[in-house]
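I have opened my notebook to a fresh page for this one. Come along as I look things up, one entry at a time.

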Amino acid sequence: MSFGKLCTFVYQNPYTMKIKHFFVIAALSSIVIACKSDDGGDTPPEETITEQQTATIEILTEGLSETWKISNASLTNANGTFDISNHFNITDDEFIFSAEGSLEWRIGHDINTAATSTEDAKLDYYRSSNISSFNFNADSGNELTAINGDFTLTVVDDNTVNGAIAFDNGAMLAVSLTQKLAEDYPQIPVNGLTFTDVNTFQSIMVVGGAIGMTGSNATNSLYVVTREDSEGSNGESPEKIFKLSLDNNTFQERLFFQQDFVTKRPYILNGNLSVYGAQYVNSYDQELQNDPSTMAHGANSDNDGIGLTRFGAAVQDDYVYLTGGDLDGLGNTSGNKIRKFDNVSGQIQDFATLPESRYWAGTEIVNDNLYVFGGKQNFVQDYISESTSYLCDLNSGTITSFELPVALFTTFVVRQGDLIYVAGQIREDLDGDENIDNFDIYLGVYDTVNNTMTEISTDLDDSDAFTTIYGMTIFNDKLYVVYGDASQPQDVPNGIIPTWQIKAANIN
């Protein structure tokens, strides 16, 4: 048997590179059979469709489950074709194939499929996962469909899948997928964070109120929301929006006069700035050109309920999950409910019940799980904080608990991939008189994959008694905080209003 004849018979399709032992044995058997033939016209043995499909599934799943990312993406619609490969709402997508034949598309932030430009495709709109089966096309070993036929894909080789996703409006997203490696995931900054000054703003409600903070990846803008009593009129204290455009580091402000309590929880939802308050949800255009559309969300409005205070909130799809914070007119509080508010219909429903009441507890959603961190069981009693935290499965409503390494009076939390950054205040009653004597800063990262918390160091000055963090958000690979001294003087009639710093640290 000549070497040339052997080379003739050793054949392998490019997309079946991950052949396992039983395929190797089969290939060797084919060589032996071929070598016995005297017919010089022998051709390579063809794999059966079943063998090709088996090899394709092995590529997609590594025999069990494998995660793929988008390496290239091109959006085509009536307005043209746009390369959006590097957009934040593309790089956060994951496609998880399992050997049982299922595909979980973790969409992350959605895209604007009706975009008129490359930039216009960016959209801050966190979505739930899309789970479907995947099926081979008839008579094909490497061509498949999923998501009710809207996703067609071809396995090219062991690290390349090409596909196209069709949308209801006729738009098409062409994608190339590659395997997601360990280094592709957000990493915990084990060497600590270094913060730089970004800008400052003035407010009398950072300490006495409960400000909110969020950011827009799409517009590179940061929003801080307060109820600003110093600017009230006619008995109403307005909701105030501080918008910081980071392209030119300048502020824009807007007041909306509507009587509500102090707690503000802002989010960018489907391109709009939605602010959830104690009784109302107000939706602004991101340029703050017009007054918001407004509606009562109805949480804790029955019987003696008068709304919410120091509640948690997190958004996914068109829903906001409002956690804890119940307040009644008699000062009694029992905030153990998780409520689900539909931003489209305006309907609210009780979704789940926590084992304990929670106030001041930051909440975040990652992969259809709602996390509730620390906080307090009572609105008052400032000296009692909690380390017990909760996870609520949004598909089943099941609640489990986990422990933080320290009890945190109030928490500010924000998602980055599978990680959740947790900033908290450790408030200490040093002399036992039930009054707070010292604020300390805690900053950590909770890994939702292995359910562990890692404390991270920062250069934020925590040496005095009352300087701490009052808000936090992440976008465009930076962590932003509101930071300042709770003891600084305040005298509104004489124009003395506390100043607060916005600081940022790179996290990638």
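**Entry 1: the core.** I began with the largest nonpolar core, which has 30 residues. This is a predicted model, and I keep that in mind throughout. Inside this core, the residues with the most contacts are Ile84, Phe95, Phe97, Phe151, Leu173 and Leu177. Next I asked which elements each supply at least two residues of it. My list reads H3, E1 (65-77), E3 (94-98), E4 (102-106), E6 (143-146), E7 (151-157), E8 (160-166) and E9 (172-179). Strand E1 gives the most, with 4 residues. I also jotted down a general rule: in soluble globular proteins, nonpolar side chains tend to be buried together.

**Entry 2: Ile84.** What does Ile84 touch, not counting residues up to four places away in sequence? I found Ala73, Leu75, Ile90, Ile111, Thr118, Ala121 and Leu173.

**Entry 3: another core.** I then looked up a second, separate core, which has 20 residues. Tyr421, Ala423, Val445 and Tyr483 are among them.

**Entry 4: helix H3.** I checked the length of H3, which runs over residues 49-61. At 1.5 Å a residue, its 13 residues should span 18 Å, and the end C-alpha atoms are indeed 18 Å apart, so the two values agree. Which residues of H3 are buried? They are Gln52, Ala55, Thr56, Glu58, Ile59, Leu60 and Thr61. Just after H3 comes Glu62, and I noted that its phi is positive, near 55 degrees.

**Entry 5: Pro266.** I found Pro266 in strand E15, residues 265-269. Is Pro266 buried or exposed? It counts as buried because its relative accessibility is 4%, and the cut-off for buried is under 20%. Leaving aside neighbours within four places in sequence, Pro266 is in contact with Gly212, Met213, Thr214, Val225, Leu273, Ser274 and Val275. I also looked up Thr226, which is 40 residues from Pro266 along the chain; their C-alpha atoms are separated by 9.8 Å.

**Entry 6: the whole chain.** Stepping back, I counted 4 helices and 35 strands. The C-alpha trace spans about 105 × 50 × 45 Å along its principal axes. Of the 508 residues, 50% count as buried. Among contacts between residues at least 6 apart in sequence, 55% join residues at least 24 apart. The accessible surface comes to about 22,100 Å², and 46% of that belongs to carbon and sulfur atoms.

**Entry 7: charges.** How many side chains are positive, and how many negative? I noted 25 positive and 71 negative ones, with the centres of the two sets 1 Å apart.

Terms used: Residues are numbered from 1 along each chain as its sequence is written. This is a predicted model: local features need pLDDT of at least 70, side-chain atom pairs count only at pLDDT 80 or more; totals for chains, interfaces and linings use all residues. Side-chain values use heavy atoms; hydrogens and water are left out. The expected span of a helix is 1.5 Å times one less than its number of residues. Buried means under 20% relative accessible area, exposed over 50%, partly exposed in between (1.4 Å probe, protein chains only). Contact means heavy atoms within 4.5 Å. Accessible areas come from the Shrake-Rupley method with a 1.4 Å probe; for residues, only the protein chains shown count as cover. Lys and Arg count as positive and Asp and Glu as negative; His and the chain ends are not counted. The place of a charge is taken as NZ of Lys, CZ of Arg, CG of Asp or CD of Glu. A nonpolar core is a set of buried Ala, Val, Leu, Ile, Met, Phe, Trp, Tyr and Cys residues joined through side-chain atoms within 4.5 Å.
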